Amino acid sequence: MQLNSINYFVTIAQEKNISKAADKLFVSQPALSQYMKKIESELNTPLFVHGNRNFELTQAGEIFFQEGQVILQLYEQMMRRITSLANSNQEIVHFGISPFYSKYYLPKIIPHVLERYPWLQFNIIEEHSVYLEEKLAAGELDFCALPLYPKNPLLDYEVIHQEEIFLAVPRNHPVNALITPSSGISYIDLRLVRNEPFVSLKSIQKFSEMSHQLCEEAGFTPRTICETLNWDTVDTLVGTGLGVGFVPEVLVKAPTTENSPNYYRISAKAFRPYAIVTQKNSTISHPAMLIIDYFRKAFQGG
């Protein structure tokens, strides 16, 4: 039995008039009558009380009517979901992340997303955080993965991770001898490096404010001799002995080399929130939500 046959029967039962049903279905009345006879023949039972002008349903007809409506509803639901998926297949998700974090975070996320949703497409914009927030506020991106502070008032921030900040010190620096060894990563009093040159991120970047705050709380203003846009560069330059500098935990967890600096914990305050950022009151597309969910899972897993 074809789906059209079920639709024809349900329409007749709803209209209680074969002429009105034929008009609604855009078929001729004789053709519709033939369809009904064919259905009854297939089921080997009458569905209407024949000879009754009101198209009264038999008991079998009532069952067919009720179940037929469910079948048609399920069919419409299926088609809506397939259509929605087909539309999603054609949509490209535009999201932003800094070049540094893309190197460390995206390999933990994108392969797993594509393994489950191979139809997803990405346009990944890698720029510093302030630029990405401006692009997002202008509606040019679906979301960003960025440090929380300072916030843009036009955007919403969902914290997905608390990122610890460490101090990197050259391996041959005299200050290393002043640190009390511990079983894990040792703590350092920032006052021990108050007279040391700092390698820092550029002032346009979000961490600049936090780095100055950490030093000010230790009673000094850092003497910055070199600024860069990338944490990796800070880490490498500190490793050469150029100065000391702050670095995020992802570098501390990365494999070290003979030129890697020593890393020290600073204080209980040396954490900054990392967030998924979206436009305020915006509707986030289904494909974008899929990727955002994988960002959440990646950081929940550590």
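Asp232 counts as buried in this predicted model, because its relative accessibility of 18% falls under the 20% limit. Its partner is Lys103: the two side chains meet in a salt bridge, with 3.4 Å from N to O. This pair links distant parts of the chain, since Lys103 belongs to helix H5, residues 99–116, and Asp232 to helix H8, residues 231–239, with the two positions 129 residues apart.

I turn next to Lys280 and Asp156. These residues also form a salt bridge, and their closest N and O atoms are 3.0 Å apart. Here too, distant parts of the chain are linked: Lys280 sits in the loop between strand E9 (271–279) and helix H10 (286–300), whereas Asp156 sits in strand E4 (residues 155–169), 124 residues apart. As to accessibility, Lys280 counts as partly exposed at 39%, and Asp156 counts as partly exposed at 31%.

My third pair is Glu164 with Arg265, a salt bridge whose closest N and O atoms are 2.8 Å apart. Glu164 lies in strand E4 and Arg265 in strand E8 (residues 262–265), so this contact ties together parts that are 101 residues apart in sequence. Buried or partly exposed: which description applies to Glu164? Glu164 is buried, with a relative accessible area of 7%. Arg265, by contrast, counts as partly exposed at 24% relative accessibility.

Beyond single pairs, there is a network: Glu158, Asp293, Arg296 and Lys297 are joined by salt bridges that share partners. For the overall tally, a search of the whole structure finds eleven salt bridges.

Notes:
Residues are numbered from 1 along each chain as its sequence is written. This is a predicted model: local features need pLDDT of at least 70, side-chain atom pairs count only at pLDDT 80 or more; totals for chains, interfaces and linings use all residues. Side-chain values use heavy atoms; hydrogens and water are left out. A salt bridge is a side-chain nitrogen of Lys or Arg within 4 Å of a carboxyl oxygen of Asp or Glu. Helices (H or I, at least four residues) and strands (E, at least two) are DSSP runs, numbered from the N terminus. Buried means under 20% relative accessible area, exposed over 50%, partly exposed in between (1.4 Å probe, protein chains only).
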